[in-house]
Amino acid sequence: MFSRVHATQDQMVLDDTTPAAARQGRFARAVARLPPSSYFLTSAVFHYLGPSLAVLLFTHVAVLGVAWMRVAAAAVVFCVWRRPWRIILRASMPQRRLYLALGVVLAAMNCLFYLAVDRLPLSTVGAIEFLGTIALAAAGSRTKRNSAALVVAVAGVFVLTDIRLVSEPLGFVFAFGNCVGFMLYVVLGHRIATTTTDGSTNDDPIGGQMTGIDQLGASMLIAALVATPFTVGFAAPAFAHPVWLAWGIGVGICSSVVPYITDQLAMARLPRARFAMMLALLPAAATVIGLVVLAQAPTWRDLTGIGLVMLGLALRKDAT
C-alpha cells in the first residue's frame, strides 16, 4: 500500500496537467525562446554583482560568514523551487558522486573567492579565475593556438600579480585556489548541463524531468551541508540583524542562484567553443562592476593585465 501511495504522489508531482506544471511549462517555453547569449550576459552581470555586494557586507559580517549565507540562501531557494532531495534519492551512484564532487567544489570555490576579494580588487580575482580554463583547453587540445593563448594569459596574470604579490601573498593563494575551483566547476557543470540523471542527452534543460538545473540544486544542497560546519559560526552576528541577514540572502540569490542557473541554460544551448569564447567577457564585467559598485578604479597596469587575460580567453579553442 505504501508503494501505491508513493507512486501516486510521484505521479501528482510529475503530472503535466496540474496548474503548477502548466505554469512551469509556459515559463519554460518563454525562457527557451530567449537567445542563448542572453543567458550568458545575465550570468556575466550577476557573477560579479553578487560578490561586489558581499564585499560591502564584509564590514558587518566575517568573510566566511557571508560565504555561508551565500551558499545556504542558494540551497534554500533550490530546495523550495526544485526539491533536489528527490534527485539525490533517485540518482544512480555515479550521479551521486558527481553531485558530491560539484557540491564540494561549490562550497570551496565560494569560500576561496570571498577570501580573495577581501584582499584583492575584484577585477584581479576575476582575471585570475579564468587562467585554469585556458590551461584546461591547452591540455585538452595541444595546438599552437592554445599554447599561445596560455602564454598570453599567463603574461596577463603576471602583470596583475607582480606589484601586489609581496603585499598580499595570501590573497593570491586564495585567488589561485578559486581558479582551480572554477575550472572544476566548468567541467562538472557542463557535464550535468548536457545529461539527465539516467545518462541520456538533456534536450530540455528547463522544464524536463531531472534537468541540469535540478542536478545543480542537488549539488548546491550538498555544498551547503559541506560548508555549514566550517562557516556558519562566522555568520552568527547576522542572525541578530535582520537587515544584514536579508543582505546575505540577496547576495546568495545574486551570486549563486541567478548566475549558476543561467550558466546551465547557456551551457546546454551554446557549443562549448562558443561558450568558451564568451568567457572572455567576464574579466571585463568584473572590472566594470568593481569600478561602479566598489569604486575600485583599475590602473593602466591592471587594464593591461586584464586585457591580456581576455585575449587569452578569446584565443583558446576547446577540444570537441
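**Helical architecture and buried contacts of the predicted model**

Of the 320 residues in the protein chain, 50% are buried (under 20% relative accessible area, with over 50% counted as exposed and values in between as partly exposed; 1.4 Å probe, protein chains only). The structure is a predicted model, in which local features require pLDDT of at least 70 and side-chain atom pairs count only at pLDDT 80 or more, whereas totals for chains, interfaces and linings use all residues. Residues are numbered from 1 along each chain as its sequence is written, and side-chain values rest on heavy atoms, with hydrogens and water left out.

The secondary structure of the protein chain consists of 15 helices and zero strands (DSSP runs numbered from the N terminus: H or I of at least four residues for helices, E of at least two for strands). Contacts are defined by heavy atoms within 4.5 Å. Among contacts between residues at least 6 apart in sequence, 83% join residues at least 24 apart. The protein chain exposes about 14500 Å², of which carbon and sulfur atoms supply 70% (Shrake-Rupley method with a 1.4 Å probe; for residues, only the protein chains shown count as cover).

One salt bridge is found in a search of the whole structure (a side-chain nitrogen of Lys or Arg within 4 Å of a carboxyl oxygen of Asp or Glu). It is formed by the side chains of Arg82 and Asp214, with an N to O distance of 2.8 Å. Distant parts of the chain are linked by this pair, since Arg82 belongs to helix α4 (residues 63-82) and Asp214 to helix α11 (residues 212-231), 132 residues apart. Both Arg82 and Asp214 are buried. Arg82 also takes part in a second arrangement: its charged end sits over the ring of Trp81, 4.7 Å from the ring centre (the criterion being NZ of Lys or CZ of Arg within 6 Å of the ring centre and within 35 degrees of the ring normal).

Seven aromatic pairs are present in the structure (rings of Phe, Tyr and Trp, the last by its six-membered ring, with centres within 6.5 Å; planes under 30 degrees apart are stacked, over 60 edge-to-face and the rest tilted). Phe182 and Tyr185 form a tilted pair, at 5.9 Å centre to centre and 45° between the planes. Both residues lie in helix α10 (residues 169-193), where a separation of three residues corresponds to about one turn of the helix. Phe182 counts as buried because its relative accessibility is 4%, and Tyr185 likewise because its value is 2%. Elsewhere, ring pairs link Tyr48, Phe58, Phe113 and Tyr114 into a cluster.

Phe182 is also one of the contacts of His47, which touches Glu129, Phe182 and Pro259 when neighbours within four places in sequence are left aside. His47 lies in helix α3 (residues 36-57) and is buried, with a relative accessible area of 9%.

Helix α7 (residues 122-129) is largely enclosed by the rest of the structure, because eight of its eight residues are buried. These residues are Leu122, Ser123, Thr124, Val125, Gly126, Ala127, Ile128 and Glu129. For Ser123, the relative accessible area is 6%. With residues up to four places away in sequence not counted, Ser123 touches Ala286, Thr287 and Ile306. The last of these contacts leads to helix α15 (residues 300-315), in which Ile306 is found. Ile306 is buried at a relative accessible area of 4%. Under the same exclusion of residues up to four places away, Ile306 touches Ser123, Ala127, Leu160, Pro283 and Thr287. The C-alpha atoms of Ile306 and Leu160 are 7.5 Å apart in space, although 146 residues separate the two in sequence.

In the loop between α3 and α4, Val61 counts as buried because its relative accessibility is 1%. Its contacts, not counting residues up to four places away in sequence, are Val66, Met69, Phe234, Ala235, Ala238 and Trp244. A C-alpha separation of 9.3 Å is found between Val61 and Gly248, which stand 187 residues apart along the chain.

Zero disulfides are present (pairs of cysteine sulfur atoms within 2.5 Å). Cys111 counts as buried at 13% relative accessibility, and Cys179 counts as buried at 6%.
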